[in-house]
Amino acid sequence: MNKKTELISIIIPCYNSGRTIKRTIDSIKKQTWKEKEIIVVNDGSNDEYTLRILLEIDGLLIINQNNLGLSAARNVGAHKASGEFLFFLDSDDWIEENALELMFNYLIRNGQNNYVYSDIILEGDIRKIVKKNYNFFEQLFLNQIPYAILISKNTWLRNKGYDENMILGYEDWEFNIRLGAKNIFGLRLPLPLFHYNV
């Protein structure tokens with residue numbers, strides 16, 4: 001693969017996330033996978049921390065927009081991405097330092113028309129690991145897949161990204177169902193690589 005094909009664009013929507021976003025970005029900068037770009041979509045933050053902290057961090061592509069919601073922020077970042085692969089990460093979560101490398105290699109080995117997710121480490125009052133095998137039928141009734149997926153940009157574009165009408169959440173669930181209806185399935189990488197802040 002050439003360098004462009006190996007480039008992973010990490011999309012981080014951000015709204016008043018000054019207290020957590022540095023940890024998120026640090027987890028990306030420490031990745032063993034070197035071919036990456038970090039796109040932060042500042043979705044109308046109005047606190048005193050967020051933009052100031054972002055401007056202090058080198059190597060970011062920062063996109064500022066009015067507050068349009070999570071779906072719109074992810075979509076804007078994905079459309080601006082230079083990489084052939086996209087990874088979505090929210091501004092209060094983080095990943096293990098080998099997450100991108102392991103997920104990319106797993107996707108290439110198992111069919112890049114699909115997408116990859118890992119086991120989840122829940123962070124909060126209760127800390128535990130959540131393991132969910134992909135099952136499209138069960139996915140119709142209960143969202144089992146974390147939003148933090150690695151997917152080819154081509155697959156994402158062909159399926160029109162996230163529904164921006166879903167401003168109250170569940171946009172990743174709806175997207176996963178749309179993908180499954182077209183036989184594009186989640187590939188579980190059975191390792192705890194994604195820290196989800198509850």
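**Exercise 1. State the volume of the largest pocket and describe its lining.**

Solution. The largest pocket has a volume of about 530 Å³. Its lining has 26 residues, and D90, D93, Y147, D172 and Y196 are the closest to the centre. A pocket is an open set of points on a 1 Å grid over the protein atoms alone, where a 1.4 Å probe fits, with protein on both sides within 12 Å along at least five of seven lines; lining residues have an atom within 4 Å of a point. The volume is the space filled by probe spheres set on the points, which are joined across faces, edges and corners.

The model is predicted: local features need pLDDT of at least 70, side-chain atom pairs count only at pLDDT 80 or more, and totals for chains, interfaces and linings use all residues. Residues are numbered from 1 along each chain as its sequence is written, and side-chain values use heavy atoms, without hydrogens and water.

**Exercise 2. Sort the lining of the largest pocket by residue class and by element.**

Solution. Step 1: by class, the lining has 12 nonpolar, six polar and eight charged residues. Here Ala, Val, Leu, Ile, Met, Phe, Trp, Tyr, Cys and Pro count as nonpolar, Asp, Glu, Lys and Arg as charged, and the others, Gly among them, as polar.

Step 2: by element, at least two residues each come from strand 1 (8–14), helix 4 (70–80), strand 6 (115–123), helix 8 (171–181) and strand 9 (186–197). Strand 9 gives the most, with three residues. Helices (H or I, at least four residues) and strands (E, at least two) are DSSP runs, numbered from the N terminus.

**Exercise 3. Decide whether I121 is buried or exposed.**

Solution. Step 1: I121 is found in strand 6. Step 2: the relative accessible area of I121 is 7%. Step 3: buried means under 20%, exposed over 50%, and partly exposed in between (1.4 Å probe, protein chains only). I121 is therefore buried.

**Exercise 4. Examine phi and exposure at N16 and Y170.**

Solution. Step 1: most residues other than glycine have a negative phi. Step 2: N16, which is not a glycine, has a positive phi of about 50°. N16 lies in the loop between strand 1 and helix 2 (21–29) and is partly exposed, with a relative accessible area of 29%.

Step 3: Y170 is also a residue other than glycine, and its phi is positive, near 65°. Y170 sits in the loop between helix 7 (153–158) and helix 8; its relative accessible area of 56% makes Y170 exposed.
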